[in-house]
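Here is a friendly tour for someone meeting this structure for the first time. Keep the sequence and the 3D view open as you read.

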Amino acid sequence: MKNADNRKVSDALSELLGDPGRNARYDIWLWLHLQMDRDASFDPSTCGGLTMRDEIAFFLKTKKYPLHRIAREKDQSLIPDESLAWIDEDERQHQWLLGRIEKLANLRLPRGLVHLTGRKLLIALIDSWDAYLEEKSEEIELLRREWLKHKAKDSAFEWFAEKKESASRCACAWEWLVKDNSLVSRRTIPISNYKELLMFFDGAELGRNEQKAIINEIKKRWNRKQLDVRNPDKKQLNVMIPIAVIAQLDELAAKHKLKRPQVIERLITGEFEAGIHLDY
């Protein structure tokens, strides 16, 4: 017995077609072809399931379908496997490709195809697309290049991929996005890891500058949170100070080799203890 996609096992469909081989891609294409173009009225749950081939065989036999047409129709519909090899078992890629392929093919498959998911679903859409093979091949190649170009932009999110803090940084991104709320809908799944972060921004389809601004805001939120963790007994305070006073503050900091917050902290603590300048 060979692999699951090309097994030499005889069944009703093998006998009808005179071909003992099995190929899941061909079987799914034939099921969909008969369902959508020949009114087969199959049970949707059989597509991609264990009984799919039996359903196809029963239809071909009872409807006396001209079997000699199947090979020609297949040749007119399926581009080579090699042209589809770049489509991986990758949830993110599937999400990115699905809408684009549906739009290209101007096609929606029948409802209820519960066994047809992931890579098989994408390829089924391509195989069922009513177009010349040359056009299909060219459009799929363009999609491949667009995907590679899109993936190359992942470098903008490298900060979120840091091994030790990746999950925390991605969670921080979700906190900021929820607070901002302009990009988050009720259907949006919360971000908990790097892959989910990439998938979220894939769907957001932001311009380069807008995306960069959002990432910078998330980083600022992260830095504030880290500052709070490192200084549990301190809290950031924003106040308006005259420019002249800021200059004086910087002079004091330089003179005593301190940072601005250290100077302010010492001045306030000293005044609180001595009460020299404010108690009059």
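## Starting from Glu102

Glu102 counts as buried because its relative accessibility is 19%; buried means under 20% relative accessible area, exposed over 50%, and partly exposed in between, with a 1.4 Å probe and protein chains only. This is a predicted model, in which local features need pLDDT of at least 70, side-chain atom pairs count only at pLDDT 80 or more, and totals for chains, interfaces and linings use all residues. Residues are numbered from 1 along each chain as its sequence is written, and side-chain values use heavy atoms, with hydrogens and water left out.

Glu102 sits in helix α5, which covers residues 91-105. Helices here are DSSP runs of H or I with at least four residues, strands are runs of E with at least two, and both are numbered from the N terminus. Which residues does Glu102 touch, leaving aside its neighbours within four places in sequence? They are Leu107, Arg108 and Leu125, where contact means heavy atoms within 4.5 Å. With Arg108, the side chain of Glu102 makes a side-chain polar contact at 3.4 Å. A polar contact is a pair of N or O atoms within 3.5 Å; within protein, one must be able to donate a hydrogen and the other to accept it, and residues adjacent in sequence count only if both atoms are side-chain atoms.

## Helix α5 from end to end

At the N-terminal end of α5, Asp90 acts as a cap, with a side-chain oxygen 3.2 Å from the backbone nitrogen of Arg92. The helix bends by about 30° at Leu97, the bend being the angle between axes fitted to the seven residues ending there and the seven starting there. Just past α5, Asn106 has a positive phi of about 50°.

Among the buried residues of α5 are Trp96, Leu97, Ile101 and Glu102. The helix's buried residues pack against α6 (118-128), α7 (133-152) and α9.

## Helix α8

Helix α8 (residues 166-180) has 15 residues and spans 21 Å from first C-alpha to last, close to the 21 Å expected at 1.5 Å a residue; the expected span is 1.5 Å times one less than the number of residues. Its buried residues include Arg169, Trp174 and Trp176, and the buried residues of α8 pack against α9 (194-204) and α10 (208-230). After α8 comes Asn181, with a positive phi near 75°.

## Salt bridges

Side chains of opposite charge can pair when their charged atoms come close. How many salt bridges does the structure hold? There are 20, each a side-chain nitrogen of Lys or Arg within 4 Å of a carboxyl oxygen of Asp or Glu. Here are some of them:

| Acidic residue | Basic residue | Closest N and O atoms |
|---|---|---|
| Asp11 | Arg22 | 2.9 Å |
| Asp81 | Arg25 | 2.5 Å |
| Glu165 | Arg169 | 2.8 Å |

Asp11 lies in the segment before α1 (12-17) and Arg22 in the loop between α1 and α2 (24-37), so this pair ties together parts eleven residues apart in sequence. Both Asp11 and Arg22 are buried, and they are linked with Asp27 and Arg53 in a network of salt bridges.

Asp81 and Arg25 link distant parts of the chain, 56 residues apart: Asp81 is in the loop between α4 (68-77) and α5, and Arg25 is in helix α2. Asp81 counts as partly exposed because its relative accessibility is 43%, whereas Arg25, at 14%, counts as buried.

In the remaining pair of the table, Glu165 is partly exposed at 27% relative accessibility, while Arg169 is buried at 11%.
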